[in-house]
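Subject: Structure handover

Hello,

Here is the structure for you to open. My notes on it follow.

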Protein chains: 6
Amino acid sequence: MRRAIYPGSFDPVTNGHLDVIERARKLFDEVIVAVAQNDQKRPLFSLEERLDFLREVTGGIEGVMIAPMRGLLVDFAVKQNARAIVRGLRAVSDFEFEFQMALMNRKLESEVETMFLMPKEDYTYLSSRIVKEIARLGGDVHEFVPPCVVESFRKKLKL
Amino acid sequence: MRRAIYPGSFDPVTNGHLDVIERARKLFDEVIVAVAQNDQKRPLFSLEERLDFLREVTGGIEGVMIAPMRGLLVDFAVKQNARAIVRGLRAVSDFEFEFQMALMNRKLESEVETMFLMPKEDYTYLSSRIVKEIARLGGDVHEFVPPCVVESFRKKLKL
Amino acid sequence: MRRAIYPGSFDPVTNGHLDVIERARKLFDEVIVAVAQNDQKRPLFSLEERLDFLREVTGGIEGVMIAPMRGLLVDFAVKQNARAIVRGLRAVSDFEFEFQMALMNRKLESEVETMFLMPKEDYTYLSSRIVKEIARLGGDVHEFVPPCVVESFRKKLKL
Amino acid sequence: MRRAIYPGSFDPVTNGHLDVIERARKLFDEVIVAVAQNDQKRPLFSLEERLDFLREVTGGIEGVMIAPMRGLLVDFAVKQNARAIVRGLRAVSDFEFEFQMALMNRKLESEVETMFLMPKEDYTYLSSRIVKEIARLGGDVHEFVPPCVVESFRKKLKL
Amino acid sequence: MRRAIYPGSFDPVTNGHLDVIERARKLFDEVIVAVAQNDQKRPLFSLEERLDFLREVTGGIEGVMIAPMRGLLVDFAVKQNARAIVRGLRAVSDFEFEFQMALMNRKLESEVETMFLMPKEDYTYLSSRIVKEIARLGGDVHEFVPPCVVESFRKKLKL
Amino acid sequence: MRRAIYPGSFDPVTNGHLDVIERARKLFDEVIVAVAQNDQKRPLFSLEERLDFLREVTGGIEGVMIAPMRGLLVDFAVKQNARAIVRGLRAVSDFEFEFQMALMNRKLESEVETMFLMPKEDYTYLSSRIVKEIARLGGDVHEFVPPCVVESFRKKLKL
């Protein structure tokens with residue numbers, strides 16, 4: 001059985017993330033979506049909220065699991081017996097940072113391979129950061145994130 | 001009559017911004033310079049100061065107006081009856097971020113087109129951020145920003 | 001009246017080019033599509049064929065004209081009394097080359113401004129070169145180019 | 001059983017290509033190395049030579065097959081019942097071209113996913129083109145390509 | 001005698017920095033490693049700690065000096081009678097920022113030239129930021145930084 | 001004595017090349033401008049013409065020598081007892097190619113260091129290729145190349 005890790009902050013999950021999860025699932029028997037705690041970055045949504053969003057929106061996809069992640073990504077991957085880390089690539093700036101992280105992770109643990117997938121081109125413009133900014137400015141984000149996230153934005157930002 | 005919006009933080013306005021305003025003015029009957037409040041980014045200059053700098057330095061250019069902007073850029077553009085958003089491009093990293101914003105804005109409001117202009121090559125190195133850093137370190141910024149901004153830096157940073 | 005030039009080889013015109021023409025037309029009263037002869041690059045389609053494709057596909061758009069171009073782009077723009085050159089930007093590599101050309105053109109003729117527009121994100125992958133390669137390998141290109149070009153490919157490549 | 005295609009010109013195969021083949025093999029049960037004929041690019045080595053090099057150097061790896069490829073890559077992938085196309089990424093310029101090709105291939109055939117792997121960082125500088133240039137200038141290439149290719153360069157370039 | 005400045009935050013010094021120092025030393029008679037105070041960025045290590053790390057690890061290299069730097073880099077270079085600023089380049093994003101800084105520094109002081117060196121490709125993935133993140137997550141950083149830094153991380157992060 | 005090599009095709013030398021030569025000369029006692037024969041690229045100007053242009057325009061600069069180069073750059077550098085290869089960087093696409101070449105050269109000969117300098121920002125748009133294209137289209141190139149090259153273009157292109 002082949003298992004991959006799809007790591008991220010998912011603050012919050014977007015439709016672009018879901019697209020990558022589904023593509024990864026076609027290539028691996030199991031995909032573990034690993035949610036980094038990231039306290040330093042002061043996420044808008046708590047770890048529990050971010051895990052709940054992901055559990056709700058991936059509920060219908062067999063072979064997809066959601067898990068919180070503490071510590072180093074490669075340690076998590078080894079513990080989960082995963083042979084691949086999956087990352088989505090949208091743009092050149094993504095590419096550079098992802099490349100650097102992938103090389104570092106390979107240095108830390110050579111048995112885990114990082115692979116990159118392209119989200120649908122409709123999602124090129126999409127990131128958690130940009131979605132949060134639009135929501136803060138009162139824009140409508142229902143095309144960009146799942147309904148449960150739209151609802152949560154409404155409460156959180158008192159819109 | 002054709003009207004364009006030139007949005008930004010302008011914290012503070014630089015000679016590169018002025019160059020883009022003048023280029024945009026040649027292509028449109030009216031250019032509205034829209035100053036984003038951006039409280040989250042903790043600007044060095046207050047919204048009122050930033051508006052004043054722009055009013056002073058564009059005072060002599062017919063067809064250029066200065067306005068504060070709250071909320072989404074595309075909503076502002078529609079309200080102002082503008083058909084274009086103008087952005088300056090200096091470097092690849094600009095390009096990627098600007099592209100992402102432009103695609104997102106098109107998604108939010110398809111009737112407003114984003115267009116990109118190149119500032120004079122002498123201003124390739126210029127940004128509000130770099131000017132603020134030089135001023136903080138005691139450097140002379142009078143070649144990079146209008147006189148009223150130089151004066152304000154002096155007071156603000158107690159140089 | 002504001003007039004812009006949209007220059008290129010158009011060997012052949014793609015749906016991405018048409019998208020840029022329509023966007024440019026919304027910002028200017030007239031758009032002149034200028035087809036460079038480019039004998040050095042050995043185009044697949046003759047200048048006359050390339051002009052014919054463009055005339056056919058832009059036939060219904062008021063204010064769009066098609067013209068062959070010899071010599072320097074900026075000389076052509078000045079002769080046509082155009083104040084802007086329009087270029088489509090899709091990717092970072094586009095950006096660098098276009099930037100270099102635009103700076104050079106500004107040096108040669110400071111009165112003509114180059115502006116960049118973004119084609120629809122569905123056309124990010126699209127270029128005349130890639131369409132020709134797919135057609136040569138027997139692939140179906142009807143989603144990427146207008147019907148008259150599909151027909152011409154069929155005859156030219158004896159498919 | 002999961003099968004991937006690793007396509008290229010392999011004119012000639014380098015140690016960087018071999019590194020990607022081995023990484024891909026860890027993620028898939030079978031990897032088909034598909035050698036494009038590419039007559040237009042006038043390869044230095046004939047299709048038969050390029051296939052022979054690959055057969056020799058991958059001889060010991062179970063689950064790796066070598067095959068010539070004519071026509072469109074996605075048609076080949078579908079015929080071979082492969083669910084993934086594997087590509088190596090070394091640099092930003094790679095990234096842009098590969099991205100464009102991958103989006104186009106997805107448009108032509110949505111069931112085949114393109115994924116990107118990173119070769120060992122020691123191979124960042126390595127490409128078939130650069131190896132050919134060094135060999136032509138009389139440089140020693142034995143660190144960059146397998147022994148059978150070194151030998152063939154010697155004969156071909158009469159060194 | 002030719003003297004160069006190698007400026008940075010060095011929070012903390014990595015093996016990649018050391019590699020650049022040694023390369024610079026081969027090209028210049030003296031290399032002054034200038035440590036920026038950078039209070040705004042809230043460094044993990046104090047200026048005194050960062051200077052101590054550098055003094056310890058460059059102790060054996062003749063012609064290398066360590067110095068704290070306040071104020072503008074070009075003013076420091078002029079005061080030190082240095083004719084060159086040395087910077088390491090690893091990636092495209094480095095390149096853009098470094099280019100912008102170098103152009104600005106040239107504007108501020110035309111007599112000081114910025115030159116770029118490439119660290120060993122093994123250090124492409126390496127940055128002070130990424131090392132700090134790994135250390136915070138409990139990873140082993142002894143391959144990336146000198147022993148004195150490993151020791152200090154241990155105390156600082158109470159690992 | 002410190003000696004550097006500045007290699008290129010110089011087909012033909014531009015004002016941007018001259019700018020880099022002068023900057024390199026400030027950092028090294030001697031700069032050897034090495035002109036690659038490059039028969040494969042079918043240069044517009046013969047090797048002898050390219051050498052003559054360079055000899056004429058650098059005639060007044062002490063410590064600058066012009067030499068033809070056959071074979072590998074690093075072999076030439078070692079034979080000339082040079083410890084550095086100097087390259088000009090203008091843009092991201094330059095950067096990637098130059099980086100790859102520099103890493104390869106380091107692999108071939110670790111004792112020769114490649115360093116990068118920035119030409120004046122006015123020359124960002126300038127390349128031998130673009131100058132040739134403008135001259136072919138009948139444009140005036142006297143701002144971009146030395147007078148002897150302008151004259152030679154006139155004869156060569158029968159303008």
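In helix α6 of chain A, residues 147–156, the buried residues are C148(A), V149(A), V150(A), S152(A) and F153(A). Note that this is a predicted model. The cover over the buried residues of α6(A) includes two helices of chain A: α2 (47–57) and α5 (128–136). After α6(A) comes K158(A). Its phi is positive, near 50°.

Next, the chain arrangement. Chain B superposes on chain E by a rotation of 120°, with 0.0 Å of shift along the axis. The RMSD is 0.0 Å. That is how a three-fold axis relates two copies.

Now the core. The largest nonpolar core holds 354 residues. Which of them touch the most other members? They are M115(A), M115(B), M115(C), M115(D), M115(E) and M115(F). Nonpolar side chains tend to be buried together in soluble globular proteins.

Take M115(F) as the example. Setting aside neighbours within four places in sequence, M115(F) contacts residues of chain E: L27(E), M115(E), F116(E) and L117(E). In chain F, M115(F) contacts L27(F), F28(F), A84(F), I85(F), V86(F) and R87(F).

Two charged residues in chain F deserve a look.

First, E113(F). It is found in strand β5 of chain F, residues 113–117. Is E113(F) buried or exposed? Its relative accessibility is 4%, and the cut-off for buried is under 20%, so E113(F) counts as buried. The side chain of E113(F) has a polar contact of 3.0 Å with that of R23(E). Another polar contact, also 3.0 Å, joins the side chains of E113(F) and R106(F). With neighbours within four places left out, the residues in contact with E113(F) include L27(E), L117(E) and M118(E) from chain E. From chain F they include R83(F), A84(F) and I85(F).

Second, R50(F). This residue lies in helix α2 of chain F, residues 47–57. R50(F) is buried but has no salt bridge. How far away is the nearest side chain of opposite charge? That side chain belongs to D11(F), and the distance is 4.3 Å. A salt bridge needs the charged atoms within 4 Å, so this pair does not count as one. The side chain of R50(F) does reach a backbone oxygen, that of Q37(F), at 3.0 Å. Not counting residues up to four places away in sequence, R50(F) touches S9(F), F10(F), D11(F), V35(F), A36(F), Q37(F), P43(F) and F45(F).

Regards

Notes. Residues numbered from 1 in each chain as written. Chains lettered and ligands numbered in written order. Predicted model: local features only at pLDDT ≥ 70, side-chain atom pairs only at ≥ 80, totals over all residues. Heavy atoms only, no water. Helix = DSSP H or I, 4+ residues; strand = E, 2+ residues; numbered from the N terminus. Buried < 20%, exposed > 50% of the residue type's maximum accessible area, 1.4 Å probe, protein only. Lys, Arg positive; Asp, Glu negative; His and termini not counted. Polar contact = N/O pair within 3.5 Å; in protein donor to acceptor, adjacent residues only side chain to side chain. Contact = heavy atoms within 4.5 Å. Core = buried A, V, L, I, M, F, W, Y, C linked by side-chain atoms within 4.5 Å. Least-squares fit on C-alpha atoms with pLDDT ≥ 70 in both.
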